[in-house]
Amino acid sequence: MLSPKIKYLLYLADNALILGHRNSEWCGHGPILEQDIAVTNISLDLVGQARNFYQYAASEIGNNTTEDSLAYLRDVREFKNCLITELPNGDWGQTILRQFFFSTYQYFLYTALKDCNDEQLAAIAEKSLKEVTYHVRWSSEWVIRLGDGTAESHQRMLTALDNLWNYTGEMLIPSAYEKEINEALAIKGADSLAEKWNRKIKEVLEEATLPVPQSAWSQQGGKEGMHTEHLGYILAEMQFLQRAYPGVEW
Amino acid sequence: MQVAENDIVRKVRALLETVCDPEIPVLTITDLGIVRAVHVTDDKESPDIEIVITPTYSGCPAMDVISMQIRMVLLEAGFKNIKITQVLSPAWTTDWMSEAGRQKLKAYGIAPPASTQSVCTPDAFQAEEAVQCPQCNSYNTKLISRFGSTACKSLYQCNDCKEPFDYFKCH
Ligand SMILES: [Zn+2]
């Protein structure tokens, strides 16, 4: 049975790893070279953040657990990432919109975490926040360009919004372990996360001439290990080498 | 027992000056400001050496190579008990880059980070700081992409000499 703190660290790590992995699928496929480099740089930042959280989780778990065993040797039901991070990339517009939704969440979350009373968690959050600030800027600029762009880009953003919106609520509805950690580590601002997220999203969608969806229903389960079928395929690809050749290094 | 500054610390620091960033080889790790502390125990024969480093970006792939290089130069110099510790806080900032480092970057064709930290907020379409072209010194330059060939750089182009260049972005 994992402690709430370990679950929470794995939640933060899994979000960053899975979204980082999804973004890395764009490597060599971006619409133009500069943006291909941008999305893979964001991927690198996210995987780096995931490593920091996994290393911390591993030190808390003990028993020879390592960042690698956490990333490569856990199965679907043990992953705690939000469903939105594991959804397929879709087109460029959908990738950008997902990044904007998720980076905005990470921005307000890390802002709160950097002042919590756990020194190592605060340090990782402080470090990550500088990177995520760039991600929010970059992704929101693209949401605005594409939403307020051509008829086709606008239409594609409407489709992306429709595909993703029901997955956004999960980020903002705290699981039992998040509630315990918010309390235990005195994470100030955790209660106002949803309000801040909604305000920022509304501001950018309006500038992008996109409607703010009113549907409040949200698809959930990821935080408790209940995933879509997509995560299994991600893990099959990501974990193959370590499963086939345990302990291999190169 | 630890001492503030002695011959061994000076020798270790001089050795660290020879370790270069594998991605931007004109910069040493001390130019970059990623060496945060050098601790040496007071034992002339076989002191314990601890080097405290901090990454530029969370996912910087150079950190593992840099740790290995630090260990190598210290081993070659005869030190045995070497520990390399990574700290994350306070988070690295380009303000820690040395003046010599900034000049070396410019000579290498990479615009150095602006010396005063620009306000880093998530707002879209902010006015960008004026970045000077490392080739012709013009400030008439434009941002091509906020993300460049490595995590620490942005892509710019000079409107005067037309040369594209990397900018070591403020962080
Ligand atoms: Zn020029």
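This passage describes the chain contact, the largest pocket and the cavities of a predicted two-chain model.

The contact between the chains draws on both partners. Chain A contributes 32 residues and chain B contributes 32 residues. Together the two chains bury about 2800 Å². Carbon and sulfur atoms account for 59% of that area. Polar contacts link twelve residue pairs across the two chains, both residues of each pair being at pLDDT 80 or more. On the side of chain B that touches chain A, 16 residues are nonpolar, eleven are polar and five are charged.

Salt bridges were counted over the whole structure and between the chains. The search over all chains finds 16 salt bridges. Asp64(B) belongs to helix H3 of chain B and Arg51(A) to helix H2 of chain A, so this pair joins two chains. The closest N and O atoms of the Asp64(B)–Arg51(A) salt bridge are 3.7 Å apart. Between chain B and chain A, the count is two salt bridges.

The largest pocket holds about 1000 Å³ of space. Its lining comprises 33 residues, of which Arg51(A), Glu67(A), Asp68(A), Tyr72(A) and Asp64(B) are the closest to the pocket centre. Arg51(A) and Asp64(B), the partners in the salt bridge described above, are thus named again here, among the residues closest to the centre. Four helices each supply at least two lining residues. Three belong to chain A: H2 (33-61), H3 (67-72) and H11 (230-244). The fourth is H3 (62-76) of chain B. The largest share, nine residues, comes from H2(A). By class, the pocket lining has 17 nonpolar, eleven polar and five charged residues.

Enclosed space was examined next. The whole structure contains two cavities of 30 Å³ or more. The largest cavity has a volume of about 90 Å³. Residues of chain B line this cavity. Asp21(B), Glu23(B), Ile24(B) and Leu32(B) are among them. The lining also includes Thr56(B), Tyr57(B), Cys60(B) and Pro61(B). Thr150(B), Ala151(B), Cys152(B) and Phe168(B) complete the list. Eight of the lining residues are nonpolar, two are polar and two are charged. Asp21(B) and Glu23(B) are the charged residues of this lining, and Thr56(B) and Thr150(B) are the polar ones.

Key: Residues numbered from 1 in each chain as written. Chains lettered and ligands numbered in written order. Predicted model: local features only at pLDDT ≥ 70, side-chain atom pairs only at ≥ 80, totals over all residues. Heavy atoms only, no water. 1 Å grid on protein atoms, 1.4 Å probe; cavity = no way out; pocket = protein on both sides within 12 Å on 5 of 7 lines; lining within 4 Å. Points joined across faces, edges and corners; volume = space filled by probe spheres on them. Contact = heavy atoms within 4.5 Å. Buried area = accessible area lost by both parts, 1.4 Å probe. Salt bridge = Lys/Arg side-chain N within 4 Å of Asp/Glu carboxyl O. Polar contact = N/O pair within 3.5 Å; in protein donor to acceptor, adjacent residues only side chain to side chain.
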